[in-house]
Amino acid sequence: MKRLLLTSLVASLILSVGSTAQAEESSTTEETEKQLMLGKRAFIRCVACHSLAEGEAHRTGPNLHGLFGATAGQKEGFAYSDALKNSTMEWNDENLRAWLLSPATVIPGNKMAFGGVPSEKELDALMAYLAEMTK
Amino acid sequence: MNKINRRQFIKSTGGFVAAAAAPAVHANGKSDYDAIVIGAGLSGLHAAMLLEENDMKVLVLEGRQRIGGRVYTLMHVPGKPEAAGEWIGGNYARMIATARKLGMDFWIPEQGGPDRGWAYEINGQFLSAQDWEKHPLNPMQGEDRSIPPHRMLWTISNKDNPLADQPLDAWLKPEFAKYDIPFDQYLRKRGYNEETIRLMDVTIHTNHISNTSALHELRRYHVNSFNAKHKFYEGNSYAQIKGGNSLLTDAMADSLKQQPLLGKTVVHFDQTSTNASVHCADGTKYTADHIISSIPMPVLRDITFSPRLPEQMQAAVNEVDYGLSMQAHFLIKKKFWEEDGMEPSIWSDRSIERFGVRNVNNEDGPPAGVAFINGEASHKYRLMSDEAIFNYVANELAEIRPSMKGALDPILIQSCERDPHGAGDWVYWKPGQIGKYAANMRERHGRIHFCGEHTAIMERGMEGAFESGERAALDVLFS
């Protein structure tokens, strides 16, 4: 399921590059693939709590489908902390990056037990992976 | 998604990583394995599973003749008590996810837990729970008087906990270093009297309440309260693996492509710029690109490293200790609580400490009980034979409670102190040790990475083991 999704993603990226120089095209694809592979590994930190695909069950944390652009703490069927539920924070690029570095700093008193992604490199990869997988 | 599909799903996504790009690390031809994991407990097995899911060739070596480490269900004792890792908290996300992935169910067995009926023996007086609040032996003031003796350690330790609402790793922040002091000193500063502190010391797992850091104790109860925020099993924030927690570690080992090798006691590690080797007491040697060791600190003291460990790490290995515990399990031949009308279980300030009764109404087999002794009191039993322990404990219990005379048949002794591969139940930090060592326990030594509950910084106990295994596996995958 996921595999198909990623394969088609890579394929569509290749197509979107269009008729520009061949070399540029292949290096962009390679970069994306590498970033997604790193992102998938970084997601090891998240996978116990979070499912990604639409309609998948919540775990210890909520399902993340449709994450980008959503308001924090509003997914149906998950018991969020009051702190997150009442935050009115939007999951945009900036907020999500800050959150993944230290959720307790962004919204104190939330119930996500996560110490933070340890490096910028891993954070970039994780952001790229989340962006694709939660669409 | 059913169980089989879920497994297939995991396998297929694991396959994607290999197909998409060459793995970052792979056996370089000079090693037999991409990684060797030492220890088939929760941390080691979790690390091994994650590495295998990312297409690494992994070997797990285990010192004992069984899988599980500090997860050990006594399958042949009525009620299947857990000898070590017992309750899975609501926040034990990795453990819960792994159990579900492997098709395990949860349950809350009839064994009473902290809320079972306790009678107390304090200063030689045997009393019922209902008499405690107004009893002259109750040393506490005001509303604290309603805290029963067996809940004093937990409730008072967590009262106005300075870590409350902080992130779980806040205990490592400099602003909390002021609590890295003897726990009894912290309690005295908060106005608790000597008798309260003495009763709190009874079931503490360290050898004395003055030898555990207040910060360690505050962290312990902070993590426990965080767990209560998450419900996962029929509205509860705690449960066990149905049929015994050992079923989970067995299933984790079974899920590995290469089964762990048992009876492999490690004596020496060495490494070069290209690989690392582990030498076992039976003369065997295994080589890999990376080694992940989950060996507890007291056991690591007897193992040598070439090149040697950095000075600070070696000091931590030498000084960091684990909580002590001894369990004497008995079959209960007669329902002595029906004879004297008191609560079945006993909590005492003498050296048997606790006698917990399971299957009071024959729920999961015949009634059975365990004398569960922690901390310095367990030293008393270190050199006793099993027979001597059974006799001593049975005599003490009959002295506390005449109805228990002739009520017990010995089953088995489970002692951390006698276990050459364990040496304790969980890490405890002595006053000052958190500042000195706690933040450095995760540092790798060249190609050797360390995991185990003592290296976790967010979670504790069994989930701490998972957290540490995940971190070590990621260290290898991203190196």
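How far apart do the C-alpha centres of domain 1 of chain B and domain 2 of chain B lie? They lie 32 Å apart, and this tour of a predicted model begins with those two domains before it moves on to sheets, helices and two single residues.

**First stop: the two domains of chain B**

Select residues 3-70, 242-319 and 428-477 of chain B and give them one colour, since together these stretches make up domain 1; then select residues 139-227 of chain B, which form domain 2, and give them another. Where the two colours meet, 14 residues of domain 1 of chain B are in contact with 17 residues of domain 2 of chain B. On the domain 1 side, look for helix α14 of chain B, residues 433-437, which supplies three residues and with them the largest share of the side that touches domain 2 of chain B. Sorted by class, this side of domain 1 of chain B has eight nonpolar, three polar and three charged residues.

**Second stop: a pair of helices in chain B**

Now select α2 of chain B, residues 42-53, together with helix α15 of chain B, residues 461-477. The axes of α2(B) and α15(B) come within 7 Å and cross at roughly 40°, and α2(B) passes α15(B) in a right-handed crossing. To see the contact itself, show the side chains of α2(B), where B:L42, B:H46 and B:L50 are among the residues that meet α15(B); on the side of α15(B), the residues taking part include B:M462, B:F466, B:E470 and B:V476. Taken by class, the contact of α2(B) with α15(B) has ten nonpolar, five polar and one charged residues.

From α2(B), step into the loop between α2 (42-53) and β2 (58-61) of chain B, where B:D55 is placed. This residue deserves a pause in the viewer: B:D55 has a positive phi of about 65°, although it is not a glycine.

**Third stop: the three-stranded sheet**

Select strand β7 of chain B, residues 238-241, and add β3 (88-89) and β4 (106-107) of chain B. These three strands form an open sheet in the order β3-β7-β4, with antiparallel pairing. Because β3(B) and β4(B) stand at the edges, each with a single partner strand, one side of each is left without a neighbour in the sheet.

The pairing can be followed residue by residue. β3(B) and β7(B) pair over two bridges, and B:I88 stands opposite B:A239 in β7(B). β4(B) also pairs with β7(B) over two bridges: the partner of B:F106 is B:I241, and that of B:W107 is B:Q240.

**Fourth stop: the seven-stranded sheet and its helix**

Which strands of chain B make up the open sheet with mixed pairing? Seven strands do, in the order β6-β5-β14-β15-β16-β13-β17. At the edges, select β6 (125-128) and β17 (408-415) of chain B, each of which pairs on one side only. Neighbouring strands of this sheet are turned by 20° against each other on average, direction ignored.

Within the sheet, pick out strand β15 of chain B, residues 354-358, and strand β16 of chain B, residues 368-374, which pair in the antiparallel sense over four bridges; here B:G356 stands opposite B:V370 in β16(B). Then add helix α13 of chain B, residues 386-400, which packs on the sheet and touches β5, β6, β13, β14, β15, β16 and β17 of chain B. The direction of α13(B) makes about 120° with that of β17(B).

**Fifth stop: a cis peptide bond**

Select B:S306 and B:P307, which are joined by a cis peptide bond with an omega of about -5°. B:P307 is found in the loop between β11 (304-306) and α11 (311-319) of chain B.

**Last stop: two helices in chain A**

Turn finally to chain A and select helix α4, residues 93-101, and helix α6, residues 120-133, whose axes come within 11 Å and cross at roughly 130°. That angle makes α4(A) oblique to α6(A), and α4(A) passes α6(A) in a right-handed crossing. The contact is made by A:L96, A:R97, A:L100 and A:L101 of α4(A) and by A:L123, A:L126 and A:M127 of α6(A). By class, the contact of α4(A) with α6(A) has six nonpolar, no polar and one charged residues.

Technical notes. Residues are numbered from 1 along each chain as its sequence is written. Chains are lettered from A and ligands numbered from 1 in the order in which they are written. This is a predicted model: local features need pLDDT of at least 70, side-chain atom pairs count only at pLDDT 80 or more; totals for chains, interfaces and linings use all residues. Two strands pair if DSSP finds at least two bridges between them. Axes are lines fitted to C-alpha atoms, for helices over the stretch in contact, and angles run from 0 to 180 degrees between N-to-C directions. Two residues are in contact if their C-beta atoms, placed from the backbone, lie within 7 Å. Angles under 35 degrees count as roughly parallel, over 145 as roughly antiparallel, 65 to 115 as roughly perpendicular and the rest as oblique. A crossing is left-handed if the near helix is turned anticlockwise from the far one by less than a right angle, and right-handed if clockwise. Ala, Val, Leu, Ile, Met, Phe, Trp, Tyr, Cys and Pro count as nonpolar, Asp, Glu, Lys and Arg as charged, and the others, Gly among them, as polar. Domain bounds come from an automatic or database domain assignment.
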